[in-house]
Amino acid sequence: MSRVGKIARRTFLVGSAAIAGGVAFGYYMYKRPAKNPLLDDLAAGEAALTPYVMINAEGITLITPRADSGQGVYSVQAAMIAEELDVDLDQVKVDPGPPSPAYYNTALAEEAAPFRPTNEGFTAESARGMMDVLMKFLGMQVTGGSTTVPDGYEKLRIAGAVARETLKAAAAAETGVPVSQLKTERGAVILPDGTARNYVDLAAKAAEIDPVEKVVLRDPSEWRLMGKPMMRHDILAKSTGTLTYGIDAKIDGMVHAAIKLNPRQGGAMISYDDSAALALPGVQKVIPIKGGVGVIASNTWYAIQGAEAVACDWGPAPFPPEQAQHWEALASSFTAEAQDSQQRNDGDVEAALEGAQVIEAEYRAPYLAHAPLEPISAIVQVTDERVDIWTGTQIPRFVQSNVAKMTGLDADNVHVHVMMMGGSFGHRLEDEVVKQATELAIAMKGTPVKLTYSREEDMIHDFARQIAMGRGRGAVKDGKVHAFDLGIAMPSVVVSQLGRQGLNMPGPDTQIVAGAWEQPFAIPNYRVTGYRAPQLAPISSWRSVGASSNGFLHDGFLDELIHAAGADPMVERIRLCWHEPSRKVLQAVKEMSGWDGFEMGENRGRGVAFTLSFGVPVAEVVEVTNTDRGIKIDKVYVAADVGKIVDPINFDNLVKGGVIWGLGHAINCEITYTDGIVDQTNFHVYEGLRMYQSPQIEVQGLENASKIRGIGEPPVPPAAPALANAIFAATGQRLREMPFNKFIDFV
Amino acid sequence: MKLNVNGADHEVDVDPNMPLLWVLRDELGITGPKYGCGIAQCGACTVHIDGQAVRSCQVAIGDLQGDVTTIEGLGTPDALHAVQAAWVEHQVAQCGYCQSGQIMQAAAMLELNPEPTDADIDAVMSGNLCRCGTYPRIRAAVKTAAANLKGA
Amino acid sequence: MRIMHLGVIAALLSTPIWAADTEIEITPLPEGSVNSEDGLAAWDRIYQVTSHPRCSNCHVGASNVPMWSGPSYGGKPRPHGMNVNAGESRIGAEYVLCSTCHAYREVTGTRLPHAAPQVAADWRLAPVEAEWFGKSSDYICAQLRDPARNGDRSYLDVAAHLEHDVILHWAWDPGAKREPAPFSLQEHVNDILAWGAAGMPCATD
């Protein structure tokens, strides 16, 4: 099989070493100081180990280093290893493992390369290869960007295959039966006479021999697990209240803590008075920290009450205090000086618009909170020798190095225990809560401190999704879209987010135009320009990042032009789309919805939207009724292409969830600032979709794309424009700003 | 203050204003009921008091009257309640954080209304927020649970 | 099992929803001691109370859907969030009991902003015949003096009702920065007494 050669070149080799009572495939890499991974990469046939399988007397543990915030990636990662290892998921334990440079995320960096995902040419692939190198330097064990599946698709299967072949070699050495006569099944090597030698019993022998490095991955047609419906390993625990999330963790002797931070995020605390707080029951101590105070108590509720009772004098916000100023900053950024990128400039837009009847529109997308239902929390215990951290995080390596710096200990002595997460949506790509808990734990040396954010503190200090403004100009000709010119202004998410980790990101920020510049439409005169607005409020990655706003700006404006051309929104998108897998998702939703035009009779209508993001083309059709009490979303049809679907059930659930996420925020969510303080403090004014508003959703997964991709984020961007386009079809009212409930009622 | 949770008696010495939720979680170590909002907006903390679904973040421990059942008392991994079995069958959970509350609310509904219509389900379950968007699966699981309870 | 829970609901329905926690003086005025003009002026103040969102949000009609309107909610009136429907029981028995969130609360504690209001009673809607939301002064005036629609109450009974019902008391002391009902509970009771002594006049008389 041709894959073998490719694997050798890409140096996915696995070592093994004996550890206490068992064998870990590749585990010894943890123990080695981080070498220069670039040298490893250059020296073909060496290094960059894949430490994903551990076997000892207790059984088989699969290491699944990408964090599970609810998207089911522990199960998906385990399935990819188990497929080649020949174990079933009910036979193994799943563990996120420790932070290690070995778990860098290749696919995340690929997404940052400035090449369209539809471009698989030499230069694009080379640049993506360089990003791989960059990631190795950074050693970013990051979960994000819908990259878990593409990043692990080869690595994890190879890890499973190497472990399997090494175990077979161990069985051969023990029994004298040649490897060619051995089979593997359900965690055992099967001898020709049918005798089973369990992996667990072979582990000691396997630890003594060199791992088998050359493996052949199975053809998908031979898969037992992947591609078929799976039972997620955490479903039983999540259905019985027995799963321990970060917020549920308990360490012997721990105290509880809450914080009160300057509500003007990032502002200073000038002074505080803790006398009222200290008089409250259960409150033990008030400790000043950066930008606020922490309150130590015997119970979370006492701590929260205590924090509310501390009187603080706050400094000003380190950004413009009023929301209108933020919009003004964006509006002023459509200038040559602020231009960040113009990677799409087909035909001659200016010439095409010259003398034409120009259609112009301005679109807006607000700040948004991530607001996972589990507020953020962390337990930190600091001693002279070591630090232990229990928290739900997508960035364990940053957590480790940041806490090492704060405590003066070596990173090796900072132990991060990644906990299950009650949602994230990008929220847990930040580690402020860990830093604050560490400040408190340093002050309480030896005592584990559990810091839990109240919902209000979480909402106010969530690093918001960027605001974005789009200005479109366009023209139509002969019933077709002839010119499309979109400028997008936003502050840089990447600069804000990586800046908090002390990192620079040189060059253009592709997120400013993500979900817009790379859309596969053959519009003859087609330009997308990114403008970098000044950094305003601190912002962070929010489920689908740049595309979360830009899908709306791009597809909403495209819909306007198509209607202006008098064309059918579905037919014209399909006509314009040159990318085969993308066109097929459009054709799929056309068939699923029985599309015969945007009109559906009186007070009804349908809209279609399409966004290619994270390499995944997604098309959505939304059907609405304009009732006397407002808009009712009747039905949604979605088609998406991730190349290969690892688990159809999880795929279906994530697509539906992504659509509901996109619709809910488009309808009723925004974060705004008054006097530098977030106005929305809890779910009473930040609802998202509830069940009664949740439409029927029909999902189809296609597998025409050449690369495997993740599905966590791509269903989000087209949801808002599909709804706006449907509302236009039903009412004639064009919505160009989210949330839509500022302009129209919903049932 | 005394309270009975999942059939066991407990005594706690706390401020009578402390919400039941925090007594359960931090004093008794019963963490199935979740903290999501603290103001009855999300439903993640839902428990039963004498069989009625109640947001435990809204009940001051000093005002508690009746026996408390949490998700841990509804059924266990070895002996699932019909609603939990339906949740497993449909693989409802994504992050799963809201699901304790969803299941407790659904179980209370089915006690009173064994054959809920779609509209009934939407009316009862809309107080329970799911940020992951598992509503389509919750609807299906409620119906499966209703059918199984009816057959039982 | 099911029977037990239906029993719970029956018990809730029969729970008296009054408890004396606020001292109100009811000093009836001699019949006819208030002239019709002053009686109508008293009525206008009463109407300011009955039409105030703090009161009218739960005095809704046969939709059984409480409203969220008024300064605490901003914007235009909208139905109670979460698709709440109190049902014909008016306590949510058919769907979600009001008391699922509006828990019984006797222990005085901090009333949380934006949380479900709570009193030492089972939260509920006013009876359907006492519909006030969106209704005119004339409509409510006629309703309040009509025994068929006011719970078979004399104006003195109405005043006594105001003394007893702790949900009504909450309207004047909602806490958590909510805007209270206009005037004070005592002033409102005094207006009822004056309106009654004037013969319960309405502008349409």
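**View 1. No salt bridges turn up across the interface of chain C and chain B.** Welcome to a predicted model, seen here where these two chains meet. The salt-bridge rule gives 0 hits between chain C and chain B, while polar contacts are present, with 6 residue pairs counted between the two chains, both partners at pLDDT 80 or more. On the side of chain C that touches chain B, the residues split into 20 nonpolar, 8 polar and 3 charged.

**View 2. Chain C and chain B bury about 2500 Å² between them.** Of that buried area, 55% lies on carbon and sulfur atoms. Helix α1 of chain C, residues 2-14, gives the largest share of the side of chain C that touches chain B, with 7 residues. In total, 31 residues of chain C and 29 residues of chain B take part in the contact.

**View 3. Five strands of chain A form an open sheet with mixed pairing.** Follow the strands in the order β14-β22-β21-β20-β15 (chain A). At the edges sit β14 (339-346) and β15 (359-365) of chain A, each of which pairs on one side only. On average, neighbouring strands of this sheet are turned by 15° against each other, direction ignored.

**View 4. Strand β14(A) runs antiparallel to β22 of chain A.** Here you can look for the 5 bridges that join β14(A) to β22, residues 525-532. One pair to pick out is A:Ser341 with its bridge partner in β22(A), A:Gly530.

**View 5. Helix α18 of chain A lies across four strands, β15, β20, β21 and β22 of chain A.** This helix spans residues 545-564, and runs at about 155° to β21(A) (480-490).

Definitions and conventions: Residues are numbered from 1 along each chain as its sequence is written. Chains are lettered from A and ligands numbered from 1 in the order in which they are written. This is a predicted model: local features need pLDDT of at least 70, side-chain atom pairs count only at pLDDT 80 or more; totals for chains, interfaces and linings use all residues. Side-chain values use heavy atoms; hydrogens and water are left out. Two strands pair if DSSP finds at least two bridges between them. Helices (H or I, at least four residues) and strands (E, at least two) are DSSP runs, numbered from the N terminus. Axes are lines fitted to C-alpha atoms, for helices over the stretch in contact, and angles run from 0 to 180 degrees between N-to-C directions. Contact means heavy atoms within 4.5 Å. Buried area is the accessible area (1.4 Å probe) that two parts lose on being put together, summed over both. A salt bridge is a side-chain nitrogen of Lys or Arg within 4 Å of a carboxyl oxygen of Asp or Glu. A polar contact is a pair of N or O atoms within 3.5 Å; within protein, one must be able to donate a hydrogen and the other to accept it, and residues adjacent in sequence count only if both atoms are side-chain atoms. Ala, Val, Leu, Ile, Met, Phe, Trp, Tyr, Cys and Pro count as nonpolar, Asp, Glu, Lys and Arg as charged, and the others, Gly among them, as polar.
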